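Subject: Structure handover

Hello,

Please find the structure below, with the sequence. My notes come after it.

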Amino acid sequence: KVQRGLEKLYDFQHDDGGWGWWKDDRTDPFMTAYVVDGLTMARRAGYAVKSDALDRGRGSVKQLLNSGKLENGNPIDAESRAHLVYALNVSGDNASATDARYVNDLFTKRAELQAYGRALLALALKHRGDDNRARQVVSELEREARVTDFDAHWQSVRRPMLDFTEENDLEATALSVKAIARINPQSALLAKAARWLVANRRNGYY
């Protein structure tokens with residue numbers, strides 16, 4: 001199954017190194033970051049991933065970050081930019097000054113980010129070994145949580161994609177839990193956020 005998935009991703013890769021939702025559509029920042037992250041996870045799990053495909057994907061991520069625009073000229077939204085920065089850093093060399101430049105810029109502009117993007121920024125910082133700033137972002141993330149006596153979650157909205165709803169609370173909460181668990185594992189919010197995720201599962205059969 002993994003090999004079939006890899007072959008399909010290689011086949012769907014665009015000439016610019018990125019990916020869209022389909023084989024012949026425009027390169028999409030979210031999907032390009034998603035695939036680069038996925039290929040990186042597969043490689044770390046021991047699967048043989050074509051270096052050329054991953055390198056070209058990283059090149060597309062950098063191109064998107066540098067241009068700051070989609071092919072149609074519209075600006076890339078802040079959450080997608082955070083996803084690109086995260087994917088670039090987890091897939092590359094932690095010592096890369098170029099990759100660090102994008103993280104530093106995102107950290108400076110983190111006030112523009114919702115919980116979804118802040119969690120990705122915290123994870124990117126943690127991956128780079130920048131523990132002080134990672135803890136700072138997680139502290140800000142914890143303060144933004146919507147907390148009750150019973151549970152906790154984070155609110156977020158996303159740009160319209162296909163037929164998805166704009167509400168992004170599930171993904172934002174899941175990523176926030178991932179970031180907090182790695183950076184502040186003693187946080188009292190973790191159990192409450194996990195409870196909220198379980199209570200708000202939808203379409204679990206797919």
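The notes below cover one helix, its aromatic residues, two charge-over-ring arrangements and one further residue. Please keep in mind that this is a predicted model.

Helix α2

Helix α2 covers residues 29–44, which makes 16 residues. From first C-alpha to last it reaches 23 Å, close to the 22 Å expected at 1.5 Å a residue. At its start, a side-chain oxygen of aspartate 28 comes to within 3.1 Å of the backbone nitrogen of phenylalanine 30. Just after the helix, glycine 46 has a positive phi of about 105°.

The buried residues of α2 include Pro29, Phe30, Met31, Val35, Val36 and Leu39, and polar ones are among them too: Thr32, Asp37 and Thr40. The elements that the buried residues of α2 pack against are α1 (2–12), α3 (51–67), α4 (78–90) and α6 (115–127).

Aromatic pairs

A search of the whole structure gives two aromatic pairs. In one, the ring centres of tryptophan 21 and phenylalanine 30 are 6.1 Å apart and the planes are at 15°, so this pair counts as stacked. The other joins phenylalanine 30 and tyrosine 34, again stacked, with 5.6 Å centre to centre and 15° between the planes. Phenylalanine 30 and tyrosine 34 are both in α2, four residues apart, or about one turn of the helix. The ring pairs thus link Trp21, Phe30 and Tyr34 into a cluster.

Within this cluster, is phenylalanine 30 buried or exposed? Phenylalanine 30 is buried, because its relative accessible area is 17% and the cut-off for buried is under 20%. Tryptophan 21 has 22% relative accessibility and therefore counts as partly exposed.

Charges over rings

The charged end of arginine 101 sits over the ring of tyrosine 102, 4.5 Å from the ring centre. Arginine 133 lies over the face of phenylalanine 107, and here the distance to the ring centre is 4.6 Å.

Isoleucine 183

Isoleucine 183 belongs to helix α8, residues 169–183. Its relative accessibility is 12%, so isoleucine 183 counts as buried. Which residues is isoleucine 183 in contact with, leaving aside its neighbours within four places in sequence? They are Ala122, Lys126, Ala134, Arg135 and Val138. Valine 85 is 98 residues from isoleucine 183 along the chain, and the C-alpha atoms of the two are separated by 18 Å.

Regards

Methods
Residues are numbered from 1 along each chain as its sequence is written. This is a predicted model: local features need pLDDT of at least 70, side-chain atom pairs count only at pLDDT 80 or more; totals for chains, interfaces and linings use all residues. Side-chain values use heavy atoms; hydrogens and water are left out. Helices (H or I, at least four residues) and strands (E, at least two) are DSSP runs, numbered from the N terminus. Buried means under 20% relative accessible area, exposed over 50%, partly exposed in between (1.4 Å probe, protein chains only). Contact means heavy atoms within 4.5 Å. The expected span of a helix is 1.5 Å times one less than its number of residues. A polar contact is a pair of N or O atoms within 3.5 Å; within protein, one must be able to donate a hydrogen and the other to accept it, and residues adjacent in sequence count only if both atoms are side-chain atoms. Rings of Phe, Tyr and Trp (its six-membered ring) pair if their centres lie within 6.5 Å; planes under 30 degrees apart count as stacked, over 60 as edge-to-face and the rest as tilted. A charge sits over a ring if NZ of Lys or CZ of Arg is within 6 Å of the ring centre and within 35 degrees of the ring normal.
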